[in-house]
Amino acid sequence: MPANPKYLTASKRQRFAKASASILGGFLVAASFHLALAAWLPDRKNIFATYSFSLFLVWMGLMFIPYLMKNGWTCWLWYGSITLFFSVIIYLAESSTI
Amino acid sequence: MSKRNYNVFFHLHTVSGIVISVGLYIIFFAGAFTLFEKAIHHWEEGEAHATTTETIPATSIDYDRLTDSLQAKGYDLYGRSLYITLEGGEKQAFFLSGSTDSLASEADRKEAQLSFNTTTYEIADQPERYSFGSLLYLLHFFYQLDRPGYYLSGAVALFFLFALITGLVIHWKKIVLSFYVFRPGAKLKTIWTDAHTALGTIGIPFQFMYALTGAMFGLGVLVGTSGSVLYEGDTEKFYAELYGEHNNVLGERVEASAYRLNPYADSVDHRWADFAPKYIGLLKLESENMQFRAYGYLDSKAQFLNNGEVVYDVVLGKVNHEHNPYEMSYAESIWPTVSRLHYADYGNLGTLGDYTLKFIYFILAVMTCFVIISGVLIWLEARNKRNVPEKERRYNERVGHIYLAICLSMLPMTALTFIVAKLIPVGWATETFFNSVFFGGWLLLSVFFWRKQDNYFTNRYTLLASGALGMLIPLVNGLVSGHWIWRAFLNHQYEIFIIDVLWLFLATICLFTVYRMKKPTAKVPIQTRRKRSVATKEVFQPS
């Protein structure tokens, strides 16, 4: 019954890429997404309130994706660019309010 | 779902499950008993605590007299806060925080656990009495390891959520079919698989709730720290946006006798219809920003979210902050919802307060423990095959011995510590004492069963010990405190009654299981075991 190893990732580097993209990358995307929403939308309090639980749900969803992809580094590329995109949005919103 | 994805999810489920298994087992086990924490405390004390749901008005206490009486005893109250949980009765315990004034004397900066007589207002020391219930409560988020333990429990909860969802994904297509499959006569792995799937399915909503709320508690720090990015890294400002400003600065000293506290208690009682204050806080006493805070509930049958709070500024004589229980906003309602669900604190079903619900939670939590263990056993059995190298098989077997020894010796050790808690003199009941008894005993038992290297032996004797010790618990309670189980019931001391009943129930199940247990037919050589599994050709292969 154990999962058939022919479908699993053997390379140590790939495993590291996938695990780190899953946990760290997933968190960065989930957090920056919520903060970008909070930065742009007017109702900050309610977004933060939602953030206290949706962070974990969105993060959870993003944790699976690297494992479904063939290459873990491709996923890092995606997660990295999305995080960067949201960070720019946050930066623009913040610098325009100051 | 493609074959590859199925296998990937399957592997994720296995790995995340195995990694967290022992930690998660401990969390659910200790958490199950934590549901009864207050009852355990009262059971140990053996004092009559009426579990009345009657409202105790805030005005039942004369706060001005209480502060006068504290001052007469020589306490300087400036900058100190006083917290009372309204209990009713002759003796009322309270907590006096240390002064936050940096110029206060050493003695005034010390916090104190005190009590006063509700008729004479005489102050007395409340002797420290550590409850075994508190140990289990702290253990259920590994707080014996302090903050890192707390975060660790949050991480375990997060991976539990991960294991839960991957489990759901891999079983999704056959979930209804698998739910009804029960083959107790089949080989071991099949039995564990059936049990794991069926009980896991029943537990999904319960487990999902705990995985999410557990992660929210344990890893909530991530929300605050990441949210502070919008406030130049100031976490305080993030929380201020979410919960409103809290002024933590201590104001100048004022003449205490110029301000009365009692009128605020009166105002609390009439603030909202059917509102019953439960926690009273007199904050930053004798300072310019002295506050009177009341936190309480509406009848829990009236509405699910029933908590309300009001904070008065004593010097200015106005309301500083309030949470109207009848008009709760979305943002305000999230954490109360989380705590209601997580602490099984809603519904108020039946005559025993929330204990009916807690009992259901308890059973679901124990069931989750079983799902965790059966998951480990599947993992073991699935790798106990001829094509797995001998060395790896030995290694797996040893891991299995250790896992089972740790997990299964928890129950007899808990039962034993309950007995110890009842037998020791009050003065012994300290945190260090309980920690050494429980963790020391647990370690010894685990090592003993681990050295035995026999899962059947571990299972049988932990159950037998739990059964025997569990049966003794109501007996010891009756002999020591005279609260025999029937007498506790007749005297409406339901909290004492409930602990005795819980153990009778657990012990009966343990002993019944031991009675029904069959010794495994010697050690089946690996070849014959293979043959047999081929012979009883499986009708349905779960994966």
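Two strands are taken to pair if DSSP finds at least two bridges between them, and helices (H or I, at least four residues) and strands (E, at least two) are DSSP runs, numbered from the N terminus. The structure is a predicted model, in which local features need pLDDT of at least 70 and side-chain atom pairs count only at pLDDT 80 or more, while totals for chains, interfaces and linings use all residues. Residues are numbered from 1 along each chain as its sequence is written, and chains are lettered from A and ligands numbered from 1 in the order in which they are written.

In chain B, eight strands form an open sheet with antiparallel pairing, in the order β4-β3-β2-β1-β5-β6-β7-β8. The edge strands of this sheet are β4 and β8 of chain B, each of which pairs on one side only, and neighbouring strands are turned by 25° against each other on average, direction ignored; the axes behind such angles are lines fitted to C-alpha atoms, for helices over the stretch in contact, and angles run from 0 to 180 degrees between N-to-C directions.

Towards the β4 edge, strand β2 (residues 91-96) of chain B pairs with strand β3 (residues 112-117) of chain B in the antiparallel sense over six bridges, and Gln92(B) has Phe116(B) in β3(B) as its bridge partner. Strand β3(B) is in turn joined by three bridges to the antiparallel strand β4 (residues 123-125) of chain B, where Phe116(B) is partnered by Ile123(B) and Leu114(B) by Asp125(B). The hairpin of β3(B) and β4(B) has five residues between the strands, and Tyr121(B) there takes a positive phi near 60°.

At the β8 edge, strand β7 (residues 307-313) of chain B runs antiparallel to strand β8 (residues 318-323) of chain B, and five bridges join the two, with Val319(B) in β8(B) as the bridge partner of Tyr312(B). These strands form a hairpin with four residues between them, and Gly317(B) in the turn has a positive phi of about 65°.

Most residues other than glycine have a negative phi, and most peptide bonds are trans. Asp274(B), which is not a glycine, nevertheless has a positive phi of about 60°; this residue lies in the loop between α10 (262-269) and β5 (276-283) of chain B. Lys284(B), also not a glycine, has a positive phi of about 45° and lies in the loop between β5 and β6 (291-297) of chain B. A residue is buried if 20 or more other C-beta atoms, placed from the backbone, lie within 10 Å of its own, exposed if 12 or fewer, and partly exposed in between. Asp274(B) is exposed, with 12 other C-beta atoms within 10 Å, whereas Lys284(B), with 25 C-beta neighbours inside 10 Å, counts as buried.

Among the helices of chain B, the axes of α2 (residues 37-45) and α18 (residues 494-516) come within 8 Å and cross at roughly 100°, which makes α2(B) roughly perpendicular to α18(B) (angles under 35 degrees count as roughly parallel, over 145 as roughly antiparallel, 65 to 115 as roughly perpendicular and the rest as oblique). Residues are in contact if their C-beta atoms, placed from the backbone, lie within 7 Å; Lys38(B), Ala39(B), Ile40(B), His42(B) and Trp43(B) in α2(B) meet Glu495(B), Ile496(B), Ile498(B) and Ile499(B) in α18(B).

The contact between chains takes 25 residues from chain A and 31 residues from chain B, and α2(A) gives the most to the chain A side, with 14 residues.

Technical notes:
Two residues are in contact if their C-beta atoms, placed from the backbone, lie within 7 Å.
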